[in-house]
Amino acid sequence: MATSVDVIERAEPRAVSVRWIISARDDLVWLIGSVASSYLLLVLYVKGVLPLVPMVALWAILIDAPHVFGTFSRTYFDRTERQNRARLLWGSLLFFAVGPLMVYAGAGLIFFFLAALWAYYHLVKQHYGFMVLYKKKNNDLAPVDNALDRLLLLFAFNYPFVAFIARDPEAMKRVPAALHSGVNGLAMVLLAGTIVLAIAWLGRQVQRAVTGEALNVPKYLLLAAAIPMHWIVLLTPMPHKPIAIVAILTIYHNLQYHRLIWFHNKKYSGTAARGSRPTVREGSSLNTKDFRQKYGAAELISRRLLYYIAFGILFGLIYQGPRQFLGYISLKNGDGAQSFATQLGISFLWGYAFIHYYLDSKIWRVRRDPSVGKALNMA
């Protein structure tokens with residue numbers, strides 16, 4: 001009888017795998033369902049309900065800058081991180097000098113072009129990061145799937161971005177002249193690659209189903225949320241599109257990140273990932289004073305959600321307040337021309353974003369940093 005049962009169990013593997021990063025409710029609302037925020041901004045802006053300047057300024061100060069602060073809350077404000085990653089954190093401050101130096105050298109156009117590319121790459125990289133977390137959670141790590149998932153994201157996110165640049169005169173003005181002739185050709189290559197990879201990827205999912213390999217449902221839901229949204233936003237005509245899409249595309253990214261940061265930052269109070277009971281960490285029972293001593297300001301910032309929000313908005317006023325003002329002055333010029341002083345100021349403020357992009361590429365490596373995997377309950 002036991003042998004028969006074993007045979008039956010082996011013959012009926014799980015058809016699907018549904019393991020979440022935080023929980024089903026949190027993931028579906030914040031990591032997947034929050035894509036609705038991008039669609040909402042798109043509709044309100046295209047229909048003329050939400051004017052450009054208020055939309056971008058409020059998003060930047062109240063939502064985007066606080067998500068940059070989220071990175072700082074677990075790096076510069078974390079005493080242990082400052083000690084363990086001193087060279088990385090203090091060396092990253094050099095990014096504040098990159099923009100002004102390039103502007104002084106007469107390479108302002110190149111700087112802002114590269115900054116925009118890095119900003120978009122950062123959005124794509126976060127979607128890739130969440131996909132990898134779902135792959136690890138659901139043991140979806142076969143080499144062929146890893147390769148297809150990575151390539152599909154690379155092509156499916158980059159085609160609509162390049163196609164948008166090729167079709168939008170305002171966007172093309174921000175591209176160095178030497179690259180103009182290649183934009184349309186690159187778009188066509190990316191479109192062809194996306195179609196081929198999509199067919200191959202779908203074929204692989206069919207193969208997984210036929211052979212009884214578990215289907216990674218959270219990964220599918222994430223891709224179904226993120227990829228169509230980028231295509232719809234980037235290919236929809238709208239006024240002042242290069243400015244408007246920054247808020248429309250990024251708000252989804254922001255909300256995802258805020259939820260992940262808040263989940264991670266529970267470690268600063270010893271709060272259990274799915275409850276409020278204190279946990280024992282690193283072999284010792286720590287109280288609030290111990291956590292404050294160990295983590296410094298990070299413990300205060302993450303002690304209450306209200307604290308995290310308040311500190312984030314304060315940071316938004318300091319960082320994005322001046323940046324939005326300078327951007328508004330440039331917009332009033334009509335053709336978007338910027339004075340040398342305005343370019344200098346905006347290029348310096350880009351340093352905050354660059355630090356965020358760079359640190360994010362280093363601090364979420366679950367495999368290399370066991371403390372991150374522990375904080376995110378990746379075991």
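**Exercise 1. Charges over rings**

Task: In this predicted model, find which ring the charged end of R74 sits over, and which residue lies over the face of W350.

Solution: Start at R74 and look at the end of its side chain. The charged end is placed over the ring of W364, 4.5 Å from the ring centre. Now move to W350. Over its face lies R323, at 4.2 Å from the centre of the ring. For an Arg, the atom to use is CZ, and the cut-off is 6 Å from the ring centre, so when you check these two cases, take your distances from that atom.

**Exercise 2. Classifying two aromatic pairs**

Task: Work out how the rings of F72 and F315 are arranged, then do likewise for F291 and Y295.

Solution: Two values are needed, since a pair of aromatic rings is described by the distance of the centres and the angle of the planes.

Step 1. The structure has 30 aromatic pairs to choose from. For F72 and F315 the centres are 5.5 Å apart and the planes meet at 80°, so this pair is edge-to-face.

Step 2. Place the two residues. F72 belongs to helix α4 (residues 52-73) and F315 to helix α16 (residues 305-332), so the pair ties together parts 243 residues apart in sequence. Both F72 and F315 are buried.

Step 3. Turn to F291 and Y295. Here the centre-to-centre distance is 6.1 Å with 15° between the planes, and the pair is stacked. These two residues are 4 apart in helix α14 (residues 288-295), so about one helical turn separates them.

Step 4. Check accessibility against the 20% limit for buried residues. F291, at 3% relative accessibility, is buried, and Y295, at 5%, is buried too.

Step 5. Finally, see where F72 and F315 fit in. They are members of one aromatic cluster, which also includes W90, F96, F348 and Y352.

**Exercise 3. A helix pair**

Task: Describe how helix α7 (residues 95-104) packs with helix α17 (residues 340-363).

Solution: Begin with the geometry. The two axes come within 7 Å and cross at roughly 150°. The crossing of α7 past α17 is right-handed.

Next, list who touches whom. From α7 come F95, F96, G99, P100, V103 and Y104, while the α17 side includes F340, L344, F348, Y352 and Y358.

Last, sort the contact residues by character: 12 are nonpolar, 4 are polar and none is charged. F96 of α7 and F348 and Y352 of α17, all part of this contact, appear in the aromatic cluster of Exercise 2 as well.

Technical notes
Residues are numbered from 1 along each chain as its sequence is written. This is a predicted model: local features need pLDDT of at least 70, side-chain atom pairs count only at pLDDT 80 or more; totals for chains, interfaces and linings use all residues. Side-chain values use heavy atoms; hydrogens and water are left out. Axes are lines fitted to C-alpha atoms, for helices over the stretch in contact, and angles run from 0 to 180 degrees between N-to-C directions. A crossing is left-handed if the near helix is turned anticlockwise from the far one by less than a right angle, and right-handed if clockwise. Contact means heavy atoms within 4.5 Å. Ala, Val, Leu, Ile, Met, Phe, Trp, Tyr, Cys and Pro count as nonpolar, Asp, Glu, Lys and Arg as charged, and the others, Gly among them, as polar. Rings of Phe, Tyr and Trp (its six-membered ring) pair if their centres lie within 6.5 Å; planes under 30 degrees apart count as stacked, over 60 as edge-to-face and the rest as tilted. Buried means under 20% relative accessible area, exposed over 50%, partly exposed in between (1.4 Å probe, protein chains only). A charge sits over a ring if NZ of Lys or CZ of Arg is within 6 Å of the ring centre and within 35 degrees of the ring normal.
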